[in-house]
2 protein chains.
Amino acid sequence: MRMSRLFLRTLRDDPADAEVPSHKLLVRAGYVRRVAPGIYSWLPLGLKVLANVERIVREEMDAIGAQEVRFPSLLPREPYEASNRWTEYGPNLFRLADRKGNDMLLGPTHEEMFTLLVKDLYSSYKDLPLSLYQIQTKYRDEARPRAGILRGREFIMKDSYSFDIDDAGLEESYRAHRAAYVRIFDRLGFEYAIVHADSGAMGGSASEEFLAVSPTGEDTFVRSPGGYAANVEAVTTIAPDPLPYDDAPAAHAEQTPDTPTIETLVAHLNEAFPRDDRPWEAADTLKNVLVMLRHPDGTREPLAIGVPGDREVDAKRLEAQVSPAEVEPFGEAEFAAHPGLVKGYIGPAALGTESDTGIRYLTDPRVVTGTRWVTGANIQGSHVIDLVAGRDFTSDGTIEAAEVRAGDPAPDGSGPLELARGIEMGHIFQLGRKYAEVLDLKVLDENGKLVTVTMGSYGVGVSRAVAAVAEYAHDDAGLVWPKELAPFDVHLIVAGKDETVVAGAEQVYDDLIGEGFDVLFDDRLGKVSPGVKFKDAELIGVPTIVVVGKGFVDGVVEVKDRATGERTDVPLADLIAHLRG
Amino acid sequence: MRMSRLFLRTLRDDPADAEVPSHKLLVRAGYVRRVAPGIYSWLPLGLKVLANVERIVREEMDAIGAQEVRFPSLLPREPYEASNRWTEYGPNLFRLADRKGNDMLLGPTHEEMFTLLVKDLYSSYKDLPLSLYQIQTKYRDEARPRAGILRGREFIMKDSYSFDIDDAGLEESYRAHRAAYVRIFDRLGFEYAIVHADSGAMGGSASEEFLAVSPTGEDTFVRSPGGYAANVEAVTTIAPDPLPYDDAPAAHAEQTPDTPTIETLVAHLNEAFPRDDRPWEAADTLKNVLVMLRHPDGTREPLAIGVPGDREVDAKRLEAQVSPAEVEPFGEAEFAAHPGLVKGYIGPAALGTESDTGIRYLTDPRVVTGTRWVTGANIQGSHVIDLVAGRDFTSDGTIEAAEVRAGDPAPDGSGPLELARGIEMGHIFQLGRKYAEVLDLKVLDENGKLVTVTMGSYGVGVSRAVAAVAEYAHDDAGLVWPKELAPFDVHLIVAGKDETVVAGAEQVYDDLIGEGFDVLFDDRLGKVSPGVKFKDAELIGVPTIVVVGKGFVDGVVEVKDRATGERTDVPLADLIAHLRG
């Protein structure tokens, strides 16, 4: 392809709304172009990279025997009504009505449709196992579409679904997908982590995410030196053993005026009630946080969460615990409705379904029997000291809502956790029988008995992968594509207006094409200086840059490696071999 | 691919809603599956054929230097508001609002978006000519989705757009696209006709359609022995020369009781007013038909159309003439609002913008000065005879709304027309400056002056092509794919349970794959008889069927040509060469 004809304008300035490198560079280098918030067009360069990602994904899915199909994006409401996701998706779902008034939606994911299709065609255990996939456009009306194609409202995903007769089959389908995903992400070439995505109730493998490790990632995850990795929602806390409390003094309420925060409270404790062995710390206090849950049916319920005072409640961890309910703030109106709560001094005595308020009270797993706490006394300006869990109060259960911090122990004992950020690129999930039950997908087993099929669901962010690779593989000058994803094999530049040089570059262009290379030829003459061409080449990021310039009269061209910056003078006769090497 | 693993169930019965062969066969053979009216999923076999069509289209578009991009399907309202198509599309447009209440649409075609993209990136005549294309999912909320994927509400199109600085450039871009379309449709392998799609004001090439000739096609078109072809909307009528009328008798109204139809009128004329030279015919009468036009802005306007009594008003031709207005019936309420009209006996005296009713009156081009007509006298039970056009009445103009009939002369004098039916598969169109003007796409010309770009728009129905080929290439037993579109190269059948035969078929399968053939291997054992396998093979329609059966012990397999039915015994050693031959 000749640059003089390529539909491309490289831009000098970052787009105004761009914050992350991939967004800036993909727009500046002419790969994508914004149409509306979270909605992008693919320009010729971008579409070539996208096609390369699709090819890799397709090859690896085919390799595990998954079969490609394609569902529509525009879907009827009914199946999503049956699964309750028509409601559960809330404002994230694009809904519309057709000319006859039938409710429809733009598919955010297709579990329901695949379940119905298999039900439609298959009826026997002999038909299983089965894995189907599609590479297809999906829609989610994100509240905050951001970072270009990294989090769009229209995007391309590979989603696949496995169908098995029993748990062992599901386990095997899951393992095959996991292995395919490892190969896909190895080929995409960015650093990634495979993290537990739930608490590991089913042996830790019921749900895992593939995260591209990136400082600009939206997801925080943890990893340990011993190889444990999980997203923060999935980290479980190692509960300490219960402590003896026979020697503990009785709880005693004390005046702690003007101490509505943990900081002011700890300062006051150390001044008014100094301890002999060590000073009071935030970790000695028990902070009780109130929120409102909004359930999918629209009902609202208050919830109290007790966490050690040195930790915040982590919104994502809390949301994961209470899902599908949504978390809303506990505002002035709610306090007014519960006069038993003294704001800033709320204590366990006022909480719990057995208490006067009747508010459900869940505590951090660290709040085990025998632990001693300073916490609210339910009296303005007062706290209670030496309140012993299991002696003086109990909660309605535990909740994994406290923040995870660097240095916390990994749940599997593999060492202290470090925090990192990542971009969710893949998710594999043992769905089990949820959709099969709701939509009645049953097959006859070997004994002629109807059994419910068990399913897995597996996704790869295909358009997002283009951004994730760009996020990983770039430098200050521009993009640096790995060979398998690059829009072209070679970026050929003619540097100079001399007739011999121009004719030579044309010859090199023809030769390279003849040898099967996909070449972007910067043949622009006139006002476009070699400097502009070099800058564009660095920005566009084709892995190998060949420059035909002054050296051509001596039979030499320059080959530059975009990634390392290394330049080599190569005799023309050796060029093909050099590029192949 | 082994049939035992292929996600496929062939069906014995036609789907209940299927009327045309392609719909029946594509569903029965497991190529597509209905999700909602006009909305289909692609199963593995169908997706392979679809990919083959896409490949052909892509190759031919690339060959003329068009560059592939991809726009989103979910689009903002504003550009379509600017072009007025947000309104003009009426109920055919899927509209929705996002979570913030912004109006959006599912793109039915992308003229606006391409115009804006080029405006966004390009600014000089040096950037032109430019042709861009996409292969992409489109949406139209058809009132009557029908025939499976032949007329769906979600479908795949290739749409391309050319951008030129002047008319000569547009003409050249148009010719390049036309040539590419000829190659595409030649490769798809069905019979097609290239028809004028408008009245040819710009030399007859401003708009042409590619129709797959098919008795089940929705579009009627005409063609002449001399090579003229047009859709019925585009056929123009050869107006006769004006006739002298000096000798014509004066018009005279006559009692014609109970003659509200042309038939009853002609019978009455021949009985009560017999002519010496020849009997009265329907062609001697002038029929005046009333309709209501609904304009895009919602206003309604009555329109009267005068056509010779032997022809009906053709709804499609009328719609094409009055577009973007829509045609609605002229009902009782409208007659009540125009007491000057006597239903069944309406004549020119009551029509025309100069008349008392003020109703616009357009007549067939055959109604030239000097022609003599029997027509309504605007009195119940009365007609006027010898009413001479140009002497006794004039209309507000002519309209091409009368039906076209077999035997009518081709407008270019190339002989009598015959009628045929077709499926619209492609449309090429010299748009001109319509969208560029509305969206302000200008570039600097050689003199530094801003000029408006001129555009062409070109479409191919990609998913529809799968159905059109099926419609053309099938027989009673099933589908008959041409080689370039077939889901597999070879359909291999093992006929027999004998161990040697089964092992032999497995060996042939491996050999064929090793030689690069894409093979569907019907390896099903157990209850699936050879008869069922043969039936499935005929239904699925892979061009070459190889049967490994009894002959295998003598080193012979049977090769069957799906299209001709011809069977050949081929020695194993010659199989590859035979298949390549």
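Copies are superposed by least squares on the C-alpha atoms of residues with pLDDT of at least 70 in both. With that in hand, start the tour; the model is predicted.

**Stop 1: the two chains**

Colour chain A and chain B separately. A rotation of 180°, with 0.0 Å of shift along its axis, lays chain A on chain B at an RMSD of 0.1 Å. The two copies are thus related as by a two-fold rotation axis. To find that axis, select Leu96(A). Of the residues of chain A, Leu96(A) comes closest to the rotation axis, with its C-alpha at 2.6 Å.

**Stop 2: the interface**

Now show the residues where the chains touch. On chain A, 57 residues are in contact with 57 residues of chain B. Of the interface residues of chain A, 100% are also interface residues in chain B, so the copies meet through the same surface. Between them the chains bury about 4,900 Å². Carbon and sulfur atoms carry 58% of that area.

Which side chains meet in a salt bridge at 2.5 Å, N to O? Select Arg33(A) and Asp120(B): they are the pair. Between chain A and chain B the count is 6 salt bridges. Residue pairs in polar contact number 26 between the two chains, counting pairs with both residues at pLDDT 80 or more. Next, pick helix H5 of chain A, residues 111-121. H5 gives the most to the side of chain A that touches chain B, with 5 residues.

**Stop 3: helix H1 of chain B**

Move to chain B and select residues 21-28, helix H1. Is this helix mostly covered or mostly open? Mostly covered: 6 of its 8 residues are buried. Show Ser22(B), His23(B), Leu25(B), Leu26(B), Val27(B) and Arg28(B) as sticks; these are the buried ones.

What do they pack against? Add these elements of chain B to the view:

- strands E1 (32-36) and E2 (39-42)
- helices H11 (462-472) and H13 (530-540)
- strands E24 (474-475) and E25 (478-479)

Then step just past the helix to Gly30(B), which takes a positive phi of about 75°.

**Stop 4: helix H8 of chain A**

Return to chain A and select residues 315-322, helix H8. Arg317(A), Leu318(A) and Val322(A) are buried here. They cover an arc of only 120° around the axis, which puts them on the same side of H8(A). An α-helix has 3.6 residues a turn, so residues three or four places apart point the same way.

Bring up the partners in chain A. The buried residues of H8(A) pack against strand E14 (286-294), strand E15 (300-308) and strand E16 (326-329). Now look at the start of the helix. There a side-chain oxygen of Asp314(A) reaches to within 2.9 Å of the backbone nitrogen of Lys316(A).

**Stop 5: two loop residues of chain A**

Select Ser224(A), in the loop between strand E11 (219-223) and strand E12 (229-231). Why does Ser224(A) count as buried? Its relative accessibility is 10%, and buried means under 20%. The Ser224(A) side chain makes a polar contact with the side chain of Ser414(A), at 2.5 Å. Leaving aside neighbours within four places in sequence, Ser224(A) is also in contact with Ala410(A), Gly415(A), Pro416(A) and Leu417(A).

Finish at Thr236(A), in the loop between E12 and strand E13 (252-255). At 25% relative accessibility, Thr236(A) counts as partly exposed. Draw a C-alpha to C-alpha distance to Ile399(A): 9.6 Å in space. In sequence, Thr236(A) and Ile399(A) are 163 residues apart.

Terms used: Residues are numbered from 1 along each chain as its sequence is written. Chains are lettered from A and ligands numbered from 1 in the order in which they are written. Side-chain values use heavy atoms; hydrogens and water are left out. Buried means under 20% relative accessible area, exposed over 50%, partly exposed in between (1.4 Å probe, protein chains only). Helices (H or I, at least four residues) and strands (E, at least two) are DSSP runs, numbered from the N terminus. The arc is that of the directions from the helix axis to the C-beta atoms. Contact means heavy atoms within 4.5 Å. A polar contact is a pair of N or O atoms within 3.5 Å; within protein, one must be able to donate a hydrogen and the other to accept it, and residues adjacent in sequence count only if both atoms are side-chain atoms. Buried area is the accessible area (1.4 Å probe) that two parts lose on being put together, summed over both. A salt bridge is a side-chain nitrogen of Lys or Arg within 4 Å of a carboxyl oxygen of Asp or Glu.
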